[in-house]
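Colleague: I have a new model open and would like a walk through it. Can we start now?

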Amino acid sequence: MSGANPYLTDVRLALQATARRFALDEVLPLANELDRQKKDIPRDFLRRIGEMGYFGIMIGREYGGMGLGVFEYALITEELARAWMSVASIIARGNGMGTQARDRQRRAELLRRSARGDWIGAAALSEPGAGSDLANVQCRAVRDRDGYVITGEKRWCGNALAADFISLLARTSEPGAGESRGRGLETFLIEKPRDAFPAGLTGTPIDKIGYHGITTFHLVFDHLRVPADAMLGRREPAMRAEAASAGGAAAPAREDGRAFNATLHGLNVARVHTAARAIGLARGALEDSLAYAQERVQFGRPIGEFQAVRFKLADMATQIEAARALIYSVAQRCDGGEPIEKEAAMVKLFATEMAERITGDAIQVHGGNGYTTERAVERYWRDARLTTIFEGTSEIQRVIISDRLLGRAR
Ligand SMILES: Cc1cc2nc3c(=O)[nH]c(=O)nc-3n(C[C@H](O)[C@H](O)[C@H](O)COP(=O)(O)OP(=O)(O)OC[C@H]3O[C@@H](n4cnc5c(N)ncnc54)[C@H](O)[C@@H]3O)c2cc1C
């Protein structure tokens with residue numbers, strides 16, 4: 001990457017350089033040690049990420065954040081993911097997530113906490129029967145005197161135990177005939193102590209093949225009681241604008257199925273973020289492959305002198321650069337306030353599929369050594385494999401893109 005890139009202002013280049021140093025000096029050694037032990041990002045290190053300001057990239061300066069946009073969020077995410085996808089992921093659980101309180105003072109307090117990494121959340125959207133088809137959420141929230149009683153199951157909830165809160169999508173009523181399937185779905189903010197589940201909630205870790213820095217849980221809600229104000233309410237237009245400028249998911253004005261629509265809207269930024277994670281992983285794979293191709297000697301020559309290997313490296317670099325050009329354009333347009341649903345799906349699809357291929361190619365370049373846990377390439381590959389699945393599978397991105405191309409309403 002060079003300073004001649006029109007997207008990369010001096011300020012952005014400085015941010016990138018700082019994040020790169022932090023990632024290579026502090027995150028990478030930790031990842032290489034802890035990921036193979038399937039250990040979470042340590043609490044002390046979360047504090048360190050907070051000191052770097054990365055939980056507050058998109059939160060206003062008045063709340064202690066950096067006051068930046070999706071572009072810078074993606075730029076820093078690529079650097080962090082190049083070292084450890086789990087660290088690049090955890091910053092998305094700050095950055096204004098779960099700060100949509102009705103009360104202004106409370107909201108300001110939560111934004112401050114979020115910016116310093118003192119209000120880190122977990123998202124409980126998916127269920128055993130609601131993955132790609134998120135509108136099929138069955139988890140119930142039933143009004144009961146002074147609050148709600150929540151019953152049901154959630155699957156794939158990352159960071160649930162370590163979180164300060166869980167943002168839960170639950171059903172309060174059934175949609176009527178002809179109504180949007182998202183109607184009756186609401187978001188609830190469940191406050192909890194770190195490293196404990198409240199009464200009425202149990203969590204079982206899911207044993208995954210990668211993404212070990214964040215433990216993923218299957219959650220069972222058994223009559224969990226929450227106060228009435230745990231349900232995130234309708235936001236006034238001024239609040240929506242504020243949230244948007246803070247990088248939060250601005251709820252669309254439509255009230256019919258608004259929580260569901262806001263969730264889908266939030267997924268646009270999440271998809272750009274996932275694309276950045278994928279690019280970071282692919283870059284790690286390329287950089288390690290470049291080093292290995294020059295150090296590994298076969299037939300009396302470094303393997304990087306064989307055309308088969310050189311061309312693979314050339315293709316890897318070209319595909320990464322193409323994904324990066326796309327993400328810069330999409331992130332910039334997002335910050336400019338353009339609707340980016342189709343483009344966010346495109347960059348998510350392109351970058352994650354690219355990362356899966358390239359991390360696989362990196363294993364090939366490393367030969368047998370690539371198929372060991374002694375090298376980081378296998379970790380990049382395991383993590384990249386996930387990026388084509390979560391935040392909407394590649395197939396769902398294609399559904400979104402083709403719906404838009406064909407003028408079908410979503
Ligand atoms: C490690 C991990 C972490 C996760 N973290 C979280 C989290 O923190 N919070 C959270 O809420 N969720 C999380 N998820 C859930 C994730 O978003 C879902 O796994 C994802 O949306 C896919 O849903 P599914 O697994 O139920 O697959 P399914 O929806 O069952 O899909 C199975 C296959 O069918 C295809 N398919 C489904 N519908 C269609 C269609 N209409 N057209 C074409 N193909 C289709 C899919 O593309 C896929 O190939 C996580 C998942 C994983 C694996």
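Modeller: What follows covers the domains, the core and the ligand shell.
Modeller: This is a predicted model, where local features need pLDDT of at least 70, side-chain atom pairs count only at pLDDT 80 or more, and totals for chains, interfaces and linings use all residues. Residues are numbered from 1 along each chain as its sequence is written.

Colleague: Which domains is the protein chain divided into?
Modeller: Domain 1 (10–116), domain 2 (121–233) and domain 3 (263–405); the bounds come from an automatic or database domain assignment.

Colleague: How many residues of domain 1 are in contact with domain 2?
Modeller: 17 residues of domain 1 contact 16 of domain 2, contact meaning C-beta atoms, placed from the backbone, within 7 Å. Helix α4 (residues 85–90) gives the most to that side of domain 1, with 5 residues. Helices (H or I, at least four residues) and strands (E, at least two) are DSSP runs, numbered from the N terminus.

Colleague: Switching topic, what does A282 touch?
Modeller: Not counting residues up to four places away in sequence, A282 touches I320, M354, A355, I358, T359 and A384.

Colleague: And the ligand, which residues come nearest?
Modeller: L125, G131, S132, W156 and E395, out of 20 around the ligand; near means a C-beta atom, placed from the backbone, within 6 Å.

Colleague: Where do the shell residues come from?
Modeller: β1 (121–124), β3 (147–158) and α11 (394–405) each supply at least two. Domain 2 and domain 3 each give at least three.

Conventions
Contact = placed C-beta atoms within 7 Å.
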